[in-house]
Amino acid sequence: MSISAKELAQKLNVSPATISMVLNHKPGISEETRDRVLSAAKKYGYDLSKYSYSLAETKNICFIIYKKNGQVVTDTPFFSDLTEGISNTCQTNGLSLSILYVYGNQPVEPQLKELYEKEYHGILLLATEMKQEDFLPFQNLPCPLVALDCYYEDMNFDTVLINNVQGSYIATTHLIQNGFQRIGYLKSSFPIANFEERADGYFKALRSNNIKKNMDYVLALSPSMETAYLDMKAFLDKGIPLAEAYFADNDLIAAGAMRAFAEAGVRIPADVSIIGFDDIPMCSFLSPTLSTMRVEKQNFGMLAVNQLLNRIQSPSGSLVKLALSTRLIVRESVG
């Protein structure tokens with residue numbers, strides 16, 4: 001009877017991660033250790049057939065949802081649609097999908113124990129709320145990993161993300177093309193890489209159109225509808241100067257601000273125009289309906305699974321960074 005990878009690791013006095021790295025032909029293992037593991041695997045009857053890398057044999061995928069504090073990664077249509085896209089693509093390719101929640105406000109290594117005990121062929125990591133240092137516990141997992149919705153320059157994973165700079169640049173340019181010069185920015189008070197990139201696109205659009213930035217028009221709001229409403233209400237109660245139009249980091253911030261504007265007697269779009277980002281279903285039901293940048297969430301999930309399958313087949317290939325473009329959806333909130 002064949003032994004498990006964990007039992008093989010115990011016999012050789014090495015970690016399960018070392019066993020998996022050898023069997024998956026990953027770099028970073030000495031030739032001596034690699035030969036010792038492969039010789040022992042054959043000696044003890046370990047089943048090596050599953051490491052031939054054909055798509056038909058790729059079965060177990062783990063989707064890790066990383067929550068730092070849940071300020072951004074919550075039960076919203078955006079993440080529901082993304083998960084559905086991942087699930088549908090796994091089903092199409094005959095893959096078994098498991099979902100694991102990892103909480104960044106607790107020790108992470110013990111939460112990853114399952115990844116060593118169960119023989120996953122690949123991992124998708126939803127990294128929306130992750131900082132650069134949060135990736136350290138994921139560096140030596142026993143199978144290929146693709147990070148979603150976050151990118152740092154020194155990452156050694158494949159990444160699939162949204163082209164945030166492009167999206168915010170197009171959104172801000174749309175406001176400029178509609179004749180506005182005093183254009184504000186409703187930025188998330190919770191910083192993540194996505195929102196920092198959207199800030200880059202906003203300021204880039206101002207520079208490209210020779211519009212001087214005015215930080216009085218840059219307002220930090222919490223990235224949920226209810227808290228964004230309360231934050232904007234507090235700003236309006238202080239009598240802040242209003243811009244003619246605003247780009248918002250996401251649709252939830254835009255929707256919360258719209259409610260506060262309405263209560264303060266600020267008409268949209270007659271007095272203030274606003275455009276969001278993501279195109280969640282709520283946008284079509286707000287009054288007025290919300291112009292936004294559409295992210296194809298299910299397509300996002302499909303791209304992530306397909307890239308993971310490519311990585312499983314070619315573990316030593318060059319790293320890939322895929323950026324999903326966004327599309328302007330014009331509705332009633334921009335005058």
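**Loops, sheet and one helix residue in a predicted model**

Pro-269 sits in the loop that runs between helix H9 (251–263) and strand S9 (273–275). The model is predicted.

Reader: What is omega of the peptide bond from Ile-268 to Pro-269?
Author: Pro-269 belongs to the loop between H9 and S9. The bond that leads into Pro-269 from Ile-268 is cis, with omega near 5 degrees.

Reader: Which residue does a cis peptide bond join to Ser-287?
Author: The loop in question lies between S9 and strand S10 (292–294). Omega is about 0 degrees for this cis bond, and the residue joined to Ser-287 is Pro-288.

Reader: Which strands stand at the edges of the open sheet of six strands?
Author: The order in this sheet is S2-S1-S3-S4-S5-S11, with parallel pairing. Each edge strand has a single partner strand, so one side of each is left without a neighbour in the sheet; these are S2 (96–103) and S11 (321–324).

Reader: By how many degrees are neighbouring strands of this sheet turned against each other on average?
Author: The sheet is open and its pairing is parallel. With direction ignored, the average turn between neighbouring strands is 20 degrees.

Reader: What is the bridge partner of Leu-148 in S5?
Author: Strand S4 (residues 145–148) pairs with strand S5 (residues 158–162) in the parallel sense, over three bridges. The partner of Leu-148 in S5 is Val-160.

Reader: What angle does the direction of helix H10 make with that of S5?
Author: Helix H10 (residues 297–313) packs on the sheet and touches strand S1 (60–67), strand S3 (122–126), S4, S5 and S11. Its direction and that of S5 make an angle of about 170 degrees.

Reader: Is Asp-149 buried or exposed?
Author: Asp-149 lies in the loop between S4 and S5. Its phi is near 70 degrees, a positive value in a residue other than glycine. The relative accessible area is 2%, and buried means under 20%, so Asp-149 is buried.

Reader: Is Asn-210 buried or exposed?
Author: Asn-210 is in the loop between helix H7 (193–208) and strand S7 (218–221). Although not a glycine, Asn-210 has a positive phi of about 55 degrees. Its relative accessible area is 73%, and the cut-off for exposed is over 50%, so Asn-210 is exposed.

Reader: Which residues is Ser-20 in contact with, leaving aside its neighbours within four places in sequence?
Author: Ser-20 is part of helix H2 (residues 16–23) and counts as buried at 11% relative accessibility. Beyond those sequence neighbours, Ser-20 is in contact with Pro-142 and Cys-143.

Definitions and conventions:
Residues are numbered from 1 along each chain as its sequence is written. This is a predicted model: local features need pLDDT of at least 70, side-chain atom pairs count only at pLDDT 80 or more; totals for chains, interfaces and linings use all residues. Side-chain values use heavy atoms; hydrogens and water are left out. Helices (H or I, at least four residues) and strands (E, at least two) are DSSP runs, numbered from the N terminus. Buried means under 20% relative accessible area, exposed over 50%, partly exposed in between (1.4 Å probe, protein chains only). Contact means heavy atoms within 4.5 Å. Two strands pair if DSSP finds at least two bridges between them. Axes are lines fitted to C-alpha atoms, for helices over the stretch in contact, and angles run from 0 to 180 degrees between N-to-C directions.
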